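Reader: I keep running into labels like "salt bridge" and "buried". Could you walk me through how they get assigned?

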Amino acid sequence: MTDKSRFHHADRDGEMLSGEALHHRLYRTWSRDTGLIGWFSTTDHKEIGRRYLVTALVFLALGGALALAIRLQLATPESGLIDPDRYNQIFTMHGTTMMFLFAVPVMDAMAIYLVPLMLGTRNIAFPRLHAFSYYMYLFGGLMLWVAFAMDVGPDAGWFAYTPLSGPEYTPGKRTDIWAQMVTFTEIAALAVAVSLTATILKQRAPGMTLARMPLFVWSILIMSLMVIFSMPAVALASGMLLADRLVGTHFFNTYENGDSLLWQHLFWFFGHPEVYIIFVPATGFVSEIVQTFSRRQIFAYPAVVLALMGNGLLAFGLWVHHMFATGLPRLGYAFYTAASMSVAIPAAIQIFCWIATMWDGRPHFRVPLLWVVGFIITFVMGGLTGVMLASVPLDLQLHDTFFVVAHFHYVLIGGAVFPLLGALTYWWPKITGRMMSEKLGRVSFVLTFAGFHTTFFPMHFLGIMGMPRRVYTYPTGMEWETLNLIATIGAFTLALGVLSFVANLLVSLKRGEVAGPNPWDASGLEWATQSPPAPYNFAHIPVSTGRTPLWENRGHLPVVTGLRVDEKELLITKVLDAEPDIREPSPLPSVWPFVAAVLTGITFVGSIFTPWALVIGGVPIGIALIWWFWPKEPSIHPEPVIE
């Protein structure tokens, strides 16, 4: 062998380059630069995922604090703790923060971090795009909360129904800020969805056919496709609302041949799929946790995948479920009632499969599985009230009452936050290299579970007794006082449970038991690498031999070799069967996504005050994008796979 050929082989992983020597080469290649520029330039999916996660949890804390303020105000009748204007801002900010700034972004955070690891690849597709998405998300949230701190927060509800949110009824900039925040977050969500979809379809480990993908990855693929198809609707709606308010169009002005109900159609065409955009990844968490702690493959894997698809498809046929009280044609009500009831079937199939997996396995009731049990109990209750509200006569009686508030929180907290807390406990060792306390975890579960049901179960009765939602106080003598006081006590118990969970997270960073690569004896590829993973994820790209590769290959996990170590290179596989296709360079870190996000943020904020900001701001944004995408002569080119 010539010296040249030896050098060529030494620049690729394989028999001639492995162990510590390979680690040092890959670490030098895949690590980001140190310093501030390196921090803003990083495209490592793990760093971006952690930033998304921390930011989303901060917004959860802020939204939760607002929820406690609401409960304090409603604990007693005729309370003067919060004035009506501030109360409107608080309940609008609570809903907006939880739905736009926490629920979807936290699922994106977990997906960004975990999906490349579960697929056995070294980075996410379009890494600069997902870095850009984080900064857009952050700037949108900061804009909203700075406005609230300055007492100009939005006050028309997180749904911003027209004509209430139009220029005639809400002058000033409050609703403009809300609508522009939607633009920020939807751009971020769409960017993440595109990156995740491409990663799942083209960067799976060799052998990981579609029929072998982890169920969490299936859930993220379906969530991403739902985002791509649903979120343009709310982006269009918010743009039309801004145009009505800022440049005098009349999309929602009924006096000028507009249609105020058009807003509800566009918003809820996004809004009800969004519930499933949040719920579907949560089912992926549950499937992975149930499989690991039951010590057997998930029961009826194909049925669970088809149920996920059913959730994704049926979610687009439910939006008028929110509009039964608007006087639409009665013939349409039958269709939307049927769709709203039938969407319970795919969810029921998944619940049956999870219970069957535990029944037929050897369940170990560690803390992550406790959260799953709490989820199943709570979500079943929320699903039953959802079927009740799908009935038009009952919905007309309960619409805009606290019964809807109870249902909504049972579905979203029980259906998404409980699985999320279980998932954080489950994957925390992988993210940090430390185990969370089992004892403190059980305490936080009991407090959270008890506090949640104490808070929201009484609201069903408040709704049946006629208490309207979205009101800042209520008169004495309505017999609502006791139930509201119980709900407030429950809210603080729930907050205590969440605080104990956060304390467990933070304490474990320093004092938690050191976790090995696979502390739970799980079966997925993310557990085949060290904890926390190195910047390059895998020294060698693993091969998937089944749905539970680590259980099937306990002695030795097969790998493929031949990727470069002196340059960032990814293995691209075919869509259906994940056969190796080409080796492709991964984009280098760049500060231009951050610069483009800053300039875009300035332009969007400026457009609230003058539409000329879009024209003027387009120039620097264009320059930043040119530098972002400016073609550079790569040191390596896509190459066919060496057989």
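Author: Sure. This is a predicted model, where local features need pLDDT of at least 70, side-chain atom pairs count only at pLDDT 80 or more, and totals for chains, interfaces and linings use all residues. Residues are numbered from 1 along each chain as its sequence is written, and side-chain values use heavy atoms, leaving out hydrogens and water.

Reader: What makes aspartate 176 and arginine 245 a salt bridge?

Author: The rule wants a side-chain nitrogen of Lys or Arg within 4 Å of a carboxyl oxygen of Asp or Glu. Here the closest N and O atoms are 2.5 Å apart, so the pair fits.

Reader: Why does this pair tie together parts that are 69 residues apart in sequence?

Author: Because aspartate 176 sits in helix α7 (residues 174-202) and arginine 245 in helix α8 (residues 215-246); helices here are DSSP runs of H or I, at least four residues, numbered from the N terminus.

Reader: Why is aspartate 176 called buried?

Author: Its relative accessible area is 2%, and buried means under 20%, exposed over 50%, partly exposed in between (1.4 Å probe, protein chains only). So aspartate 176 is buried.

Reader: And how do you know whether lysine 173 is buried, exposed or partly exposed?

Author: Lysine 173 has 31% relative accessibility, so it counts as partly exposed. Lysine 173 also meets aspartate 176 in a salt bridge, at 3.8 Å from N to O.

Reader: What makes isoleucine 616 exposed?

Author: A relative accessible area of 58% puts isoleucine 616 in the exposed class. You'll find isoleucine 616 in helix α20 (residues 612-629).

Terms used. Helices (H or I, at least four residues) and strands (E, at least two) are DSSP runs, numbered from the N terminus.
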